[in-house]
Structure formats: C-alpha cells, structure tokens
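I opened the viewer with a short list of things to look up, and I kept the entries in the order in which I went through them.

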Amino acid sequence: MTSKNFKCEERARAKSQFPKTRARGPKMGAEALPVTANSNNNCSGGEAPLVLGLQASALVDHVARVDWSLLDQLPGERGGSIPVAIEELEHILGEVKTHIISSPDDSLPMKTIAGGSVANTIRGLSAGFGISCGIIGACGDDEQGQLFVSNMSSHAVSLSRLRMKKGPTAQCVCLVDALGNRTMRPCLSSAVKLHPQNYVIQADDLTRADFKGCKWLLLRYGIINLEVIQAAIRIAKQEGLFVSMDLASFEMVRNFRSPLLQLLESGGIDLCFANEDEATELLRCTEGEQKADPEAALEFLAKHCRWAVVTLGPNGCIAKHGKEIVRVPAIGKANAVDATGAGDLFASGFLYGLVKGLSLEECCKVGSCSGGSVIRSLGGEVTPENWQWMYKQMQTKGLTLPDIPK
C-alpha cells in the first residue's frame, strides 16, 4: 500500500467515525466556493487547485526538542525567527545532538519534513480537510528538494507549478523547548551564495496561467521575496483570486514595516493572519507603544483587509469581518507538545471555513481545532491520530466535517 493510499484510508476511517453535521450560524462575506476533489493532481497540469500557496523557495524543517542551554547560546530573541548562514545552521544541527530532549512518544529524536508556513497550511488543507491545493515556487535539485516533493505529494498537494532549479533547497532548524515553544533559524544563504537568486522562483517566473481557475492565493510576508509577492498579488487580482497573507514573525514586522504597510494599504490583501507578537509589533511601530494591544491591532488590520485574525496562543483568537468581532478560546492547549505550525494549521481550518461559507465564529472554531491538532506532536505536520482528534472536536462543536475524498 502506498503512503498516499494509507493516509487516505486513515482519513476516511476517521471521517466514518464522525459523520458530517449541519453548519449553523449566519453566513459571512465570501460565498461557499465549490471544492474539487483533485487528489491525484500531484505533478500534472489537470484541474486548477482551489487554493494556491506561494512559497518562493521550498523549505525543509529539522524539528527537535532541546534544552534551554542551547537556546541561550543562540543570538536573537527566544521564540523568534532569524535567518542564518549555512555554517551556523550546520553548527546548530551539530549542537542539537548533545542538547536533545528525548521522549517515549517520539519515534525519532529529530523530524525532517517539508516545511515553511505556506507549505504547512496547504498540506493541512489537503490532508485534513480535503480541499484541492497546489504550491507555486522553486525547489532545489538536491536530496532536501526530493524530500520536500515526496512529503507534499504524499498529501495530495499539486506540484505542477513547482519549478525544479539547480541548487540547494532551503532549510530551517526548529528548536522546541520543554514548554513547547519554538525558536526558528531558517537558512537561505547557502543557496544565495552558490546560485544567486537561481534557487528561488522569480517575479518573471509567474504567469497568469499559474493562477487561472484558482480561488485563493496564500502567501507569507517576507522581504527577501517581496518582488515575487507583489507580482503574485497583482496577477491574483487580475484573475479574481482572494489573497491571504501571514505576517511571518515579529522580527520581520519590526525590521521591514514600511513595505508591509504598503502591501496592506494597497487593498490587495483580503485576509490577514497575525499572532499576538506580530500584531502588537505592527501597531507599536505605526501608532505608538500606548496602543500596542491585540484588539487595537485587529482594528488596524481590519481597516485594510476584508478579514483580520489575531491568534493569541493559549488564549485563543480574535477576528473581525465587517462590523462583526468574535473571540474564540483555544482548543487542546493542555496537550501542547510543540507550537510549531500552530498558526499555520489554524489558517488551514479558518480557510476551510471560508471555503464552506461558515460564519466568522465557526471559521475561528475550526481554526482552533486544527491549530490544536498540530501542537499535540512534534513538527508542523498533523498525524492521522491527531486528525481524528480534530474531527471529534469539530463534531462536538456542531461544525461541518470535511468531505475527504476516498
């Protein structure tokens, strides 16, 4: 049995335990969008995916639990994400071996999987919610690139828009402390040094054909790929797509506020996700320290975006659409093992809700369920057992369960 068929059977088995329930509550902004069962479109043209994720360069995550002494050795703030050179990444990976925290629940002390915020979100949408998804970007022709392709295709993500380019694939070390908080150190510099701008998709690599027929474009704010992001938004709007953007990290917001504000003020972003640190950092930089709280940040984002969402970690989330504001508590926080991917999988659930035309509150509840599912194990990929846990949570709350293709 192939890994893909195994995963489909696991999802079908979970679904059979929790039959679909009728959606409740008022409908919101976007109408329910048709979902195409496109689970076999991994590397061919075929029908356009409903959701297209832009990740300019493929990324592989190395995720491990480590003790605090290693985190104390790293420059930068704990819990943040700071780019490092290949030499530093290799040094950190070497140090992980002597600082790793083993657990009887882990089959491997370190997990190496396809990573990146956008990849995590669309993999979750495809694997856990049955939404047809594709990724647009570039992938190196090395072993890490092969791992990225294998992992994403096994979860039925279309790779027909993924360009294979000569050069190394980007990597990121995700260090998880004893409390489940993660500190990230991404490495793009090796690819830049060896093949300047060749490893990553360029703005002129994008065509309208890449976006035609899709309904949503997902992207993550990043200064290194700003031209690609701008081009993608422009084409997406020409093709009538909704655009969702994640704010990436509080360091990215702090250090590159001006171009971020230009993106928001352009009117091209329909949905914006931010965690509490990113949201308050944005507001602190624009309106001053005294107003830097999540509620005020939500109001600021909602001025520029049709939907604004601020996740609050163990305190749940707040969201605004039009004049409606909702607050939803977190789910599964008592079983948190690793926060890696929590925001990404929250976005998966929230977007599923939008696709299905659920109310704002229901979108947040599904997001809380999916975000809660990924923190129950190491890494940004949800296990079959935790998908089943999520479906049970959704059923308990009277939410529409996914129609997973068999």
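How many of the residues of strand β11 (residues 307-311) are buried? I looked at this strand before anything else, keeping in mind that the model is predicted, and I found that five of its five residues are buried. I then looked at the two faces of β11 separately: Trp307, Val309 and Thr311 lie on one side, Ala308 and Val310 lie on the other, and all of them are buried, which leaves both faces covered.

Entry on the partners of β11. I noted that strand β10 (residues 271-275) runs parallel to β11 and is joined to it by five bridges, with leucine 271 standing opposite tryptophan 307. Towards strand β12 (residues 317-321) I again counted five bridges, but here the strands run antiparallel, and the bridge partner of valine 310 in β12 is isoleucine 318. The hairpin of β11 and β12 has five residues between the strands, and in it I marked glycine 313, which takes a positive phi near 60°.

Entry on the sheet that holds these strands. I followed the order β5-β4-β1-β8-β9-β10-β11-β12-β13, nine strands in an open sheet with mixed pairing. At its edges I found β5 (162-165) and β13 (324-328), each of which pairs on one side only, and the twist from one strand to the next averages 15°. Strand β1 (residues 51-57) and strand β4 (residues 133-140) pair in the parallel sense over six bridges, and serine 57 stands opposite alanine 138 in β4. I also recorded that helix α8 (residues 226-238) packs on the sheet, where it touches β1, β8 (216-220) and β9 (242-246), and that its direction makes about 165° with that of β8. On the other pairing of β4, four bridges join this strand to β5 in parallel, and alanine 138 stands opposite arginine 163 in β5. I then traced β4, helix α5 (residues 143-153) and β5 as a unit and noted a right-handed β-α-β arrangement.

Entry on the second sheet. Which strands form it, and in what order? I read four strands in the order β3-β2-β6-β7, again open and with mixed pairing. Because β3 (110-115) and β7 (182-187) stand at the edges with a single partner strand each, one side of each is left without a neighbour in the sheet. Direction ignored, neighbouring strands of this sheet are turned by 20° against each other on average. Strand β2 (residues 59-65) pairs with β3 in the antiparallel sense over six bridges, and alanine 64 has methionine 110 in β3 as its bridge partner. Helix α5 appears here too: I saw that it lies across β2, β3 and β6 (170-176), running at about 75° to β3.

Entry on the nonpolar cores. I looked up the largest core, which has 56 residues, and the members that touch the most others are Val51, Ile131, Phe148, Trp216, Leu271, Phe350 and Met394. Helix α13 (residues 342-355) gives the most to this core, with eight residues. For phenylalanine 350, leaving aside neighbours within four places in sequence, I listed contacts with Leu271, Phe273, Val309, Leu360, Cys363, Cys364 and Gly367. Apart from this core lies another, of 48 residues, among them Cys214, Ile229, Val253 and Ile269.

Entry on helix α14 (residues 360-374). Its 15 residues should span 21 Å at 1.5 Å a residue, and I accepted the helix as regular in length because its end C-alpha atoms are 22 Å apart, which agrees. Of these 15 residues, 13 are buried. Serine 373 lies in this helix, and at 0% relative accessibility this serine counts as buried. Beyond its neighbours within four places in sequence, serine 373 is in contact with Val382, Asn386, Trp387, Trp389 and Met390.

Entry on glycine 180. I found glycine 180 in the loop between β6 and β7, and at 4% relative accessibility it counts as buried. Leaving aside neighbours within four places in sequence, glycine 180 is in contact with Val337, Asp338 and Ala339.

Last entry, on the chain as a whole. I noted 15 helices and 13 strands, and 59% of the 406 residues count as buried.

Technical notes
Residues are numbered from 1 along each chain as its sequence is written. This is a predicted model: local features need pLDDT of at least 70, side-chain atom pairs count only at pLDDT 80 or more; totals for chains, interfaces and linings use all residues. Side-chain values use heavy atoms; hydrogens and water are left out. A nonpolar core is a set of buried Ala, Val, Leu, Ile, Met, Phe, Trp, Tyr and Cys residues joined through side-chain atoms within 4.5 Å. Buried means under 20% relative accessible area, exposed over 50%, partly exposed in between (1.4 Å probe, protein chains only). Contact means heavy atoms within 4.5 Å. Two strands pair if DSSP finds at least two bridges between them. Axes are lines fitted to C-alpha atoms, for helices over the stretch in contact, and angles run from 0 to 180 degrees between N-to-C directions. A crossover is right-handed if, with the strands pointing away from the viewer, the path from the first strand over the helix to the second runs clockwise. The expected span of a helix is 1.5 Å times one less than its number of residues.
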